[in-house]
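Biologist: Let us go through chain B together, strand by strand and helix by helix. Please show the model.

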Amino acid sequence: MEGGLGSLGGCGGSSGAATNDHTMSKVEVAEAEASSYPVEAELELGLSLGGGGGGGGGGKGKANTWGERGRILIAKDFPSVVSQPQRPNNNNTSISPACVVGSVSGTKRAADSVSHEGGSPTAGSQVVGWPPIRAYRMNSLVNQAKAARSEEDKGIGEKDKSKDNLKKKICNGNKISAPGNEKGHLGFVKVNMDGIPIGRKVDLNAHACYGTLTQALEEMFFRSTTSLNSIGGEKQQVTKSSRLLDGSSEFVLTYEDKEGDWMLVGDVPMFLTSVKRLRIMRTSEVNGLAPRFQDRNEKQRIKPV
Amino acid sequence: MNYFPDEVLEHIFDFVTSQRDRNSVSQVCKPWYKIESSSRPKVFVGNCYAISPQRVIERFPGLKSITLKGKPHFADFNLVPHDWGGFVYPWIEAFARKSVGLEELKLKRMIISDECLELISRSFPNFKSLVLVSCDGFTTDGLAAIASNCRFLRELDLQENDVEDHRGHWLSCFPDTCTSLVSLNFACLKGEVNLAALERLIARSPNLRSLRLNHAVPLDVLQSILIRAPHLVDLGVGSYVNDPDSETYNKLVMAIRNCMSVKSLSGFLEVAPPCLSAFHLICPNLTSLNLSYAPGIHGTELIKLIRHCRKLQRLWILDCIGDGGLEVVASTCKDLQEIRVFPSDPYIGNAAVTEAGLVALSSGCPKLHSILYFCQQMTNAALITVAKNCPNFTRFRLCILDPTKPDAETNQPFDEGFGAIVHSCKGLRRLSMAGLLTDQVFLYIGMHAKQLEMLSIAFAGNTDKGMQYLLNGCKKLRKLEIRDCPFGNAALLMDVGKYETMRSLWMSSCEVTLEACKSLAKKMPRLNVEIINENDQMDVSADDRQKVEKMFLYRTLAGRRKDAPEFVWTL
């Protein structure tokens, strides 16, 4: 696992060579390296590598071991699949070389899931838990921004928001104004799974498409019991709750919308703005929706939200 | 002193209120220990897993008020899995069983269920005060139980909790006989509240001094509330959206005129800035102002407001006030003691304030001793100036949004800047640093920060020496939290005894290996060394040489905890 500066010049963990003198060469080397921008660029990548692997596709071989684990079904797995509009990649490449926040609950999945988006650059290096702002405060700022936007353009996907709103504050008597936020971070929603008393939380905005979201949820709930080779490389995983029956799954992903109704995830592009919480439900409880055998199509994984 | 009867000693000890002082008192001799322990009314437990509830009850049978803290601080930033722990139920259950006369409960970063709230409301007839900070696990149903059953409730204070909202009928659960409320804060609730019930409640609470509303309370209700509660000292406005020309607004202005005792103002969760001028009237009385949840207020509006706040001691705002705004703060608020500047847009990394704002504050506000500052950039020169201007800092927390950014002018690390801070601020108790930092800064901290109790470090340092300087030099260190630093086993194991003098140590994404953690756990039986491994199951036979993703260790007299979830492994 690479920590931030630890990846720089291999200084980490080896105190043997260092001397007491604060002008010691190792520190100087580190400083020299730190002050040259190419290295800073490395640092940025280092930060984004929180989840390991960097870039697209690498990491923990999730894509490959897919089929062996339990799956969570979403709308597209059912007969009347609605094809969703392509969500343009909205990574703001003019973000200062700093970190853009991805507050993911305790995991570094943000880096992984973003990197799955067809090899696009990681959205300005999302670092878990940075900047150090209480989750409550983050969520409230974000929700205020979200509410402002949803008032302004109903029915348009969040990603269509123009960049003008980014820094503008619109004030009039009845509108809620807030600094625009391009990425539309939603904050965390609770996820409960039938049969498991303790729930989890997931940052919806850390996932650009349903594919990565369901992957993340599967990681959370269909955890493997065998030991994993965590020193990298492929992992053989046997899930304890693998429920593959002809490619369909025992579980379905649903969400509760603003009106309190439980809806199947995947039908609606506006899902993100109306979800209150998620629930992984047993398929048997879902009336009238027959899980259909489908060859898992890699492309479908990347279907945008 | 041997000839004083116990009652006299007890009476004298009543005047000793701080927990630290009482701890000192109890160390003097056995009789003093006995008397102090049996009469201590307020107990503070900084880590709920450091001691068992049974032992607390045994030692402090007279306990009436308890403060408990659960999850480590970094849980605030989602570095700790949600169900790591911090359950308060065992404590309440033990108190109930032993008939402790609990009157006040304050929790921070703990999990409290509705069931637990119900238990509290039924088990302690004199229960008066519930303060929940950054807690979760409960819904408004639990609040309903408190409202219904706590006949003498004085304080219900919910700060930044994650509460599942079942569409608040809880307010209607306060019986008509409940007239004792002094403080009510439900600003963090996301749902609707029964407005009529709220108005009635306030009308029958003559002692109400602190009221913080949530966003669901509109302006006309606010106005009628203010008329009924003219003695309010602390007001949190929820939704503040209206047409400045309307009659409602005019009535509101009249109502505010009557609330001249308001000293603390917060909220404005939704706001129409043109209406803010209504509050200019009470600004001159304000000592505390929190606008950090009001991103809708322009810098210019903020400045207009601030200009009226000459008595301000505490200010929490968003960085949209800008460096210019901070200069206005510096020239207006000469009594300012604490300031927090939060980023209004943390994602893009464009904080609107820089080192200039910080320097302005330090030169304009001589009483400033506590600061939390999120900024875009910083310089060593600025930090050195700040250190010279303000040697009285007790809390200094700086966060540059880009965590490894160097000095904006010289491209150097911030070692010298923070070195100046710790050298000059001899009373510094809490520090959190940002930007590019090498081992050097830790040498300075170890040398000078003799009063330092809590330190937070991220993306800093080069070698184990950094952490070693800290552990060696900071004798009063209680809480150390480190993330993404290249500190490894040599640093961790250098002085294992040190950890028993501290409350806790957090290390994540560092260079510490499983082997070292095991070794530490073995040497120090009175520490719980927890490995938190959310993603992968940590197998007992896992390779000892692998690095530990998250480690949290803390001293404890309660042994290994029994409620640790699957992904937490206590070595």
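Modeller: A residue counts as buried here when its relative accessible area is under 20%. Keep in mind that this is a predicted model.

Biologist: How many of the six residues of strand E16 (residues 395-400) of chain B are buried?

Modeller: Buried means under 20% relative accessible area. E16(B) is largely enclosed by the rest of the structure, because the buried residues among its six number five.

Biologist: Which residue of E16(B) does Ile371(B) stand opposite?

Modeller: E15(B) runs parallel to E16(B), and six bridges join them. The two strands also belong to a right-handed β-α-β unit, with helix H14 (residues 380-389) of chain B as its helix. Across this pairing, Ile371(B) faces Phe396(B).

Biologist: Through which helix does the chain cross from E16(B) to E17(B)?

Modeller: E16(B) pairs with E17(B) in the parallel sense, over three bridges. In that pairing Arg397(B) stands opposite Ser432(B). The β-α-β crossover between the strands is right-handed, and its helix is H15 (residues 415-424) of chain B.

Biologist: Which residue in E18(B) stands opposite Leu431(B)?

Modeller: Strand E17 (residues 430-432) of chain B runs parallel to E18(B), with three bridges between them. Helix H16 (residues 439-448) of chain B completes a right-handed β-α-β unit with these strands. The residue opposite Leu431(B) is Leu455(B).

Biologist: Which residues of E18(B) point the other way from Met454(B), Ser456(B) and Ala458(B)?

Modeller: In a regular strand, side chains alternate between the two faces of the sheet. Five of the five residues of strand E18 (residues 454-458) of chain B are buried, so the strand is largely enclosed by the rest of the structure. Met454(B), Ser456(B) and Ala458(B) point one way, and the residues that point the other way are Leu455(B) and Ile457(B).

Biologist: What stands opposite Ala458(B) in E19(B)?

Modeller: E18(B) and strand E19 (residues 479-483) of chain B run parallel, joined by five bridges. Together with helix H17 (residues 464-473) of chain B, they make a right-handed β-α-β unit. Ala458(B) has as its opposite residue Arg483(B).

Biologist: Turn to the helices. Which elements do the buried residues of H12(B) pack against?

Modeller: Helix H12 (residues 322-332) of chain B is mostly covered, with eight of its eleven residues buried. Among them are Leu326(B), Val328(B) and Val329(B). The buried residues pack against helix H11 (299-306), strand E13 (314-318), strand E14 (338-342), helix H13 (355-364) and strand E15 (370-375) of chain B.

Biologist: How do the residues of the contact of H2(B) with H3(B) divide into nonpolar, polar and charged?

Modeller: Helix H2 (residues 19-26) of chain B packs on helix H3 (residues 30-39) of chain B at an angle of about 145 degrees, with the axes 8 Å apart. Arg22(B), Val25(B) and Ser26(B) in H2(B) meet Trp32(B), Tyr33(B), Glu36(B) and Ser39(B) in H3(B). The residues of this contact divide into three nonpolar, two polar and two charged.

Biologist: One more site. Which side chain makes a polar contact of 3.1 Å with that of Asp234(B)?

Modeller: Asp234(B) lies in strand E10 (residues 234-240) of chain B. Its relative accessible area is 11%, so Asp234(B) is buried. Beyond its neighbours within four places in sequence, its contacts include Arg209(B), Leu211(B) and Ser264(B). The side chain in the polar contact of 3.1 Å is that of Ser264(B).

Note on methods
Residues are numbered from 1 along each chain as its sequence is written. Chains are lettered from A and ligands numbered from 1 in the order in which they are written. This is a predicted model: local features need pLDDT of at least 70, side-chain atom pairs count only at pLDDT 80 or more; totals for chains, interfaces and linings use all residues. Side-chain values use heavy atoms; hydrogens and water are left out. Buried means under 20% relative accessible area, exposed over 50%, partly exposed in between (1.4 Å probe, protein chains only). Helices (H or I, at least four residues) and strands (E, at least two) are DSSP runs, numbered from the N terminus. Two strands pair if DSSP finds at least two bridges between them. A crossover is right-handed if, with the strands pointing away from the viewer, the path from the first strand over the helix to the second runs clockwise. A polar contact is a pair of N or O atoms within 3.5 Å; within protein, one must be able to donate a hydrogen and the other to accept it, and residues adjacent in sequence count only if both atoms are side-chain atoms. Contact means heavy atoms within 4.5 Å. Axes are lines fitted to C-alpha atoms, for helices over the stretch in contact, and angles run from 0 to 180 degrees between N-to-C directions. Ala, Val, Leu, Ile, Met, Phe, Trp, Tyr, Cys and Pro count as nonpolar, Asp, Glu, Lys and Arg as charged, and the others, Gly among them, as polar.
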